[in-house]
Amino acid sequence: MTRAKITKPVDKSIATHGFARFMFYFVQLTWGLPVNIVGGILFLFFKLFRKSRHERFCNALISYIPWNQGGLSMGLFIFMADGREEKWTRNTRIHEYGHTIQCMLLGVFYFFVVGIPSAIWCNFFEGYRQKN
C-alpha cells in the first residue's frame with residue numbers, strides 16, 4: 001500500500017477567512033474548550049515525542065499517526081491512521097472534519113453526544129458492521 005500524499009484542500013468550505021474564521025476558533029476555544037484541551041495535549045504528544053507528520057485541513061490540524069484505527073476528532077485536532085490509500089485518507093479527512101463542526105456546535109456535550117457513542121460503535125460492533 002502506498003502512503004497518501006498530503007495535498008491542500010480545494011474546498012475551503014467553512015470559516016476559512018476573516019471574521020467567520022475568527023468566530024470558528026473563538027467558539028471552538030470557549031464552548032468546545034474541554035474537547036480542545038484533550039486534543040491539544042494529544043497533538044503535542046504526537047508532535048514532540050512521535051514526530052508524526054501534520055497538515056492543516058480547512059481550520060483543523062491533522063496528525064497522521066501509526067495506529068490501525070480510522071480517525072479520532074478532538075475539537076480542532078484530528079488524528080488519522082498513517083499509510084492508508086489516498087481515497088481512504090480523503091474520505092476520512094472529510095468525515096473527521098465533520099466531527100470538528102459537531103464539536104463547535106455541541107461544545108461541552110460533544111463527548112456525550114458524539115465521542116462516547118462513536119467509541120462504543122467502533123470498538124464493540126465490528127461483527128455487526130461487517131455483516132450488514
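Q: How do you know which contacts in the protein chain join residues 24 or more positions apart, and what share do they have?
A: In this predicted model, a contact means heavy atoms within 4.5 Å. Among contacts in the protein chain with a separation of 6 or more, 58% are between residues 24 or more positions apart.

Q: What makes up the secondary structure of the protein chain?
A: There are five helices and four strands, and along the sequence they follow the pattern α-α-β-β-β-β-α-α-α.

Q: Why is Phe24 called buried?
A: Its relative accessibility is 2%. Buried means under 20%, so Phe24 counts as buried.

Q: What makes the pair of Phe24 and Tyr25 edge-to-face?
A: The ring centres of Phe24 and Tyr25 are 5.7 Å apart, with 85° between the planes. Centres within 6.5 Å make a pair, and planes over 60 degrees apart count as edge-to-face, so this name fits Phe24 and Tyr25.

Q: Why is the pair of Phe46 and Phe79 called tilted?
A: The planes of Phe46 and Phe79 stand at 45°, with the ring centres 5.9 Å apart. Stacked needs under 30 degrees and edge-to-face over 60, so the pair is tilted. It links distant parts of the chain, with Phe46 in helix α2 and Phe79 in strand β4, 33 residues apart. Both Phe46 and Phe79 are buried, and with Phe45 and Phe49 they form one aromatic cluster.

Q: How do you know that Arg53 lies over the face of Tyr64?
A: Arg53 is at 4.4 Å from the ring centre of Tyr64, and the distance cut-off is within 6 Å. Likewise, Arg84 lies over the face of Trp88, at 4.5 Å from the ring centre.

Conventions:
Residues numbered from 1 in each chain as written. Predicted model: local features only at pLDDT ≥ 70, side-chain atom pairs only at ≥ 80, totals over all residues. Heavy atoms only, no water. Helix = DSSP H or I, 4+ residues; strand = E, 2+ residues; numbered from the N terminus. Phe/Tyr/Trp six-rings, centres within 6.5 Å; stacked < 30°, edge-to-face > 60°. Buried < 20%, exposed > 50% of the residue type's maximum accessible area, 1.4 Å probe, protein only. Lys NZ or Arg CZ within 6 Å of the ring centre and 35° of its normal.
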